[in-house]
Amino acid sequence: MTPSLTFLGAAGTVTGSKFLLDTGEARLLLECGLFQGLKELRLQNWAPPPFDPASLQAVILSHAHIDHSGYLPRLARVGFKGPIYCTTWTADLLRIMLSDAAHLQEEEADYANRHGTSTHQPALPLFTVDDAENALGLVKPVAVNTPVAMGRGVSARFIRSGHILGAAIMEVRVGDLKVVHSGDLGRYGVPIMPDPEPVARADVLLVESTYGNRLHPREDPAAVLVAAVQRAVEHKGWLLIPAFAVGRSQEILYALRELEKAGRIPSLGVYLDSPMAIEATLIYARHPEEEDPGTGPFIPRRFHLAKSVQDSKALNDVDGPLIVISGSGMATGGRVLHHLSHRLPDPRTTVLFVGYQAAGTRGRLLRDGARTIRIFGEEVAVRATIMASDAYSAHADQGEILRWLKGFHQPPRMTYIVHGEPDAALALREKITQDLGWPGVVAEAGATVPLR
Ligand SMILES: [Zn+2]
């Protein structure tokens, strides 16, 4: 049979990355992400997968972010027992991310049962800590740039994408056919992370388009962060930065330290209030490409860790000016929700979003100017000042995606645009077809396409 690819997620949206590669002899799942944001997307996490999980030969993962990896525990729960291939750093990060995701699932179900906020009686977690452990037991870390044979004529290679620690572009060979997935592409010339590595050839290419219609600001990337800190100082208030635990939190800490060193901001107390971000920061500090080993480059002068729930709650009594970095980055869960419910009604508060906010998330609603927001079943008034900066995005913008595409020595036979909301994906398709002259289409959710 002709090998085929089915877009099971991250098609017309940025979350739920899952692509089923069927070679005729083997079935592989590229990415295994959780849907986040809009309810109709999140409900898909509960639907049975449209393939027999036990029939999968392997899962191949580009990086540890939950929208690429968070379905793994569920997949293990419904019968998958094969290997999960990823880079060694991704394997390290998965350990903390999947456990955290499972705890969140269990806590949410527990909360719903205690407060009767779910229509399901009893409310069940999507997966448990045991499921996460089972999935982690299947992880097979491999070195970057080293092809790994998976049997039945399939091999794969991971190439650095520069998005977060361990993030990779995936090159999958099925016989003489070469399928490349960009994964999440990082940026060029940013601190901590390497540039996305070029790829010379692909028969079929999947390229992400999160910022396919945007250019990140070129001038002073720190301007918004500096302004947000200044506002916190002037109003003696909190600067609350919801941030992804892995990648963004470390970048923000690094940026704060650099700004302190340059004398552009005063040294405020900086609290990292996320057990996962704390662990991820330790993993980042072990990174071999680390520019400044030993001294901890992520650490502002007055740095505090809020490890336990008590530490986090104790922050409620601490007055500004101060900076709190807490997850989740899109305010869909995690400790940041408690801080938001306390601090949003206070006009002295500044909230700074530093990452992509998917449609339907609280982060997106706040960024779009919501005057009230629902947290823990209650309407919370928004009197805080909401700011946002794309300067710390871990995603390539349109220009950077095109720069990476221009590294190919010849056009792929077909390029599928994935991992973007419709406007972004369409804009990137225009650039690919018109500027580069390559054949390209926006991947359609649920569609199956032949690879030859
Ligand atoms: Zn990512």
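Phe376 lies in the loop between β17 and β18, and this residue offers a convenient entry into the structure, which is a predicted model. Phi of Phe376 is near 50°, a positive value in a residue other than glycine. Most residues other than glycine have a negative phi. Phe376 is exposed, because 11 other C-beta atoms lie within 10 Å and a residue with 12 or fewer counts as exposed.

The two strands beside this loop form a hairpin with two residues between them. Strand β17 (residues 372-375) pairs with strand β18 (residues 378-381) in the antiparallel sense, over four bridges. Within this pairing, Thr372 stands opposite Ala381 in β18.

A positive phi is also found elsewhere. Glu31, which is not a glycine, has a positive phi of about 70°. Its place is the loop between β3 (27-30) and α1 (39-42). Is Glu31 buried or exposed? Glu31 is buried, since 28 other C-beta atoms lie within 10 Å and 20 or more are enough for that description.

The backbone has further features to note in its peptide bonds. Most peptide bonds are trans. The bond from Gly320 to Pro321, however, is cis, with omega near 5°, and Pro321 belongs to the loop between α9 (309-314) and β15 (322-326). The bond from Gly327 to Ser328 is cis as well, with omega near 5°; Ser328 sits in the loop between β15 and α10 (336-343).

From these local details the view may widen to the whole protein, which is divided into domain 1 (4-214 + 394-450) and domain 2 (223-388). Their centres, taken over C-alpha atoms, are separated by 27 Å. Domain 1 contributes 25 residues to the contact and domain 2 contributes 21 residues. On the side of domain 1 that touches domain 2, α4 gives the most, with seven residues. The residues of that side comprise 13 nonpolar, eight polar and four charged.

The interior can be considered next. In soluble globular proteins, nonpolar side chains tend to be buried together. The largest nonpolar core here has 129 residues, and those with the most contacts inside it are Ile60, Met97, Ile241 and Ile323. Helix α4 (residues 88-115) gives the most to this core, with nine residues. Both domain 1 and domain 2 give residues to the core, so it lies between them. Beyond its neighbours within four places in sequence, Ile241 is in contact with Ile252, Ile323, Val324, Ile325, Leu352 and Val354.

An open sheet of seven strands, in the order β7-β8-β9-β10-β11-β20-β21, has mixed pairing. At its edges stand β7 (148-151) and β21 (440-442), each with a single partner strand, so one side of each is left without a neighbour in the sheet. Neighbouring strands are turned by 20° against each other on average, direction ignored. Inside this order, strand β11 (residues 204-208) and strand β20 (residues 414-418) pair in the parallel sense over five bridges, and Val204 stands opposite Met414 in β20. Helix α13 (residues 422-435) lies across β20 and β21, running at about 175° to β21.

The last stop is Leu402, found in helix α12 (residues 398-405). Leu402 is partly exposed, because its 17 other C-beta atoms within 10 Å fall between the limits of 12 and 20. Leu402 and Leu436 are 34 residues apart in sequence, and their C-alpha atoms are 8.6 Å apart in space.

How values were computed: Residues numbered from 1 in each chain as written. Predicted model: local features only at pLDDT ≥ 70, side-chain atom pairs only at ≥ 80, totals over all residues. Core = buried A, V, L, I, M, F, W, Y, C linked by C-beta atoms within 7 Å. Domains from an automatic or database assignment. Contact = placed C-beta atoms within 7 Å. Nonpolar A, V, L, I, M, F, W, Y, C, P; charged D, E, K, R; others polar. Pairing = 2+ DSSP bridges. Axes fitted to C-alpha atoms, helices over the stretch in contact; angles between N-to-C directions.
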